[in-house]
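Student: Could you take me on a close look at the empty spaces sealed inside this protein, and at what surrounds them? I'm new to this, so please spell out the terms as you go.

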Amino acid sequence: MFHRRFLTNCAVLLMVCTVSLSVQIAALDIQINGSRHQPSASPSTLLRSRFLNGESFPSLSLDELLPVFFAIDRIRILYNDNQEYSPASDSLELFPYRSYLIPGENGYSLFADGGETQLSRVEGIEIDGELISVEELEVWIAWEGVSLLKQELSRWGELHGVPMRINEVPKSDSKLMSVLRGGGKPPDLLLLQSDYLPALTASNALQPIVRFPLEEFSSKSLDALSLNGRLWALPFYCDAQMLFYREDLIPEERISAGWTLDEYSVLARELKNRGISPAAWNAYSAYWLIPFQIGFGKKPLVEADGSIRADDQATRQAVEFIRRQIDAGLLDLRERDSMFSRFIAGEVAMMLSASFSIPELERLDVPFGVHPFPRGPADAMRPLLDFKGFAIPRKTRHPLLARRLMLSLSDPALQHNFCSGLSKLPAVESAWELTRAESDYYPVLRKAYEEGVPVPSTKGYKVYKNTLWKMLRFILNGQLGIDQGLNQAQQLIENQLQ
């Protein structure tokens, strides 16, 4: 059984650094506009692991020791017996958010500019600039990990003296549209998923993300949250689809690397012959149909106009395969909660779910393993990657303060801290190295990411998903033939897109 491993040596190092840092803080003088600045929290409480220059170090982001600036005019770092360093004027805005202090026996070292600048024995930091007038910031969040994300956002507010109103808002796209139509005040930041973008951008509800440092973000995360050539949300994490199996019902060697749908079907029949329900997933959902479509040769998934066809040969073959599984008693067609309950109870041997299921199965001590999808007859069954990101509404009251919060949310250490306990993949690639070191699930998560396809952000995908949700019920329940049902689905899709 897979269990998450945490490196004890990192914890020991963190404890040692925490003890030594408490006596070093007096040696670090921070001056803001000529006056001594006292950070809101002791640096010893802010240490987090970061992957810097190929190694993991306990460190803290410089911005966590500072107030929030509207603009920075000058930064001067005093180090190594009164030597001076000043970053270039065009990097001043980002410098606090991309600079990390690493405690050691001889004081702090500063790691900045992507590792190009490393200063030892930092003694003082002087910053001149205009501070932001702080007001309450409202953030909408949802999905798994709400309590942990609230902690991260509240922590940021406490460090910078920013009052935070954090609300859990499921389906934030429709809620935002209602607020804007009613003339209400939108939030300053909201967490959304990629298929929210067509309606929100068409209604001019969001600001595009411009002049933001994106070099550390994975390319798929940026693609997922872009539409019409513009980025509309800053990527935060993604969940990846994968196969879950009961280790007490299936020997691990039966699910080998590179296995195929034919081998999967043989295993499913063997399980049925043993009186075990082989598999369950919500086959009514296009979210779970798409990997099969790709595995049966669908290329491209999204057409040039942003639509997805439902009547091509690959889709017909994929639906035929699923229908045969149902007719043979090899697939117990269940929606999410029912499927999950049966898997936990040991009443079904395999299920298709996403990485967000891992923590709950661990908490319940279910004997399970995870594995990439089997290969289809024409291609790999590529999992969907469900990216979430933070967007700024067009009518936010505090756009610059929201941007400063987004800079902090792009910190690899913060993204890792949120994602590691939830088996999600952070959007910033350097955070993956911390995941690699701590999680036995990393190989499967990484393979899912490499082979995966981001959930499309086009209007055509949402129309396709909603149409298939209705039509697949008729097809898979035998009320419509496969050809007839898919042809009707395609006609409905075309009518809506017109």
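Tutor: Sure, let's start with the second largest cavity, which is lined by Leu 243, Leu 261, Tyr 264, Trp 281, Phe 292, Leu 352, Phe 373, Pro 374 and Met 381. Before going on, keep in mind that this is a predicted model, where local features need pLDDT of at least 70 and side-chain atom pairs count only at pLDDT 80 or more, while totals for chains, interfaces and linings use all residues. Residues are numbered from 1 along each chain as its sequence is written, and side-chain values use heavy atoms, with hydrogens and water left out.

A cavity here is a set of points, on a 1 Å grid over the protein atoms alone, where a 1.4 Å probe fits but cannot get out; lining residues have an atom within 4 Å of a point. Grid points are joined across faces, edges and corners, and the volume is the space filled by probe spheres set on the points. For the second largest cavity, that volume is about 40 Å³. Its lining has 9 nonpolar, no polar and no charged residues (Ala, Val, Leu, Ile, Met, Phe, Trp, Tyr, Cys and Pro count as nonpolar, Asp, Glu, Lys and Arg as charged, and the others, Gly among them, as polar).

Now pick out Trp 281 from that lining. Leaving aside neighbours within four places in sequence, Trp 281 is in contact (heavy atoms within 4.5 Å) with residues including Tyr 264, Phe 292 and Leu 352. Trp 281 is also listed, with Met 350 and Leu 468, as having the most contacts inside the largest nonpolar core, which has 78 residues. Such a core is a set of buried Ala, Val, Leu, Ile, Met, Phe, Trp, Tyr and Cys residues joined through side-chain atoms within 4.5 Å, and buried means under 20% relative accessible area, using a 1.4 Å probe and protein chains only. Helix 15 (residues 459–476) gives the largest share of this core, 8 residues; helices are DSSP runs (H or I, at least four residues), numbered from the N terminus.

How does the largest cavity look? Its volume is about 100 Å³. Of the 14 residues that line the largest cavity, the closest to its centre are Glu 64, Arg 155, Trp 156, Ser 408 and Leu 414. Helix 2 supplies the largest share of that lining, 5 residues. By class, you'll find 5 nonpolar, 3 polar and 6 charged residues around the largest cavity.

Note on methods: 1 Å grid on protein atoms, 1.4 Å probe; cavity = no way out; pocket = protein on both sides within 12 Å on 5 of 7 lines; lining within 4 Å. Helix = DSSP H or I, 4+ residues; strand = E, 2+ residues; numbered from the N terminus. Buried < 20%, exposed > 50% of the residue type's maximum accessible area, 1.4 Å probe, protein only.
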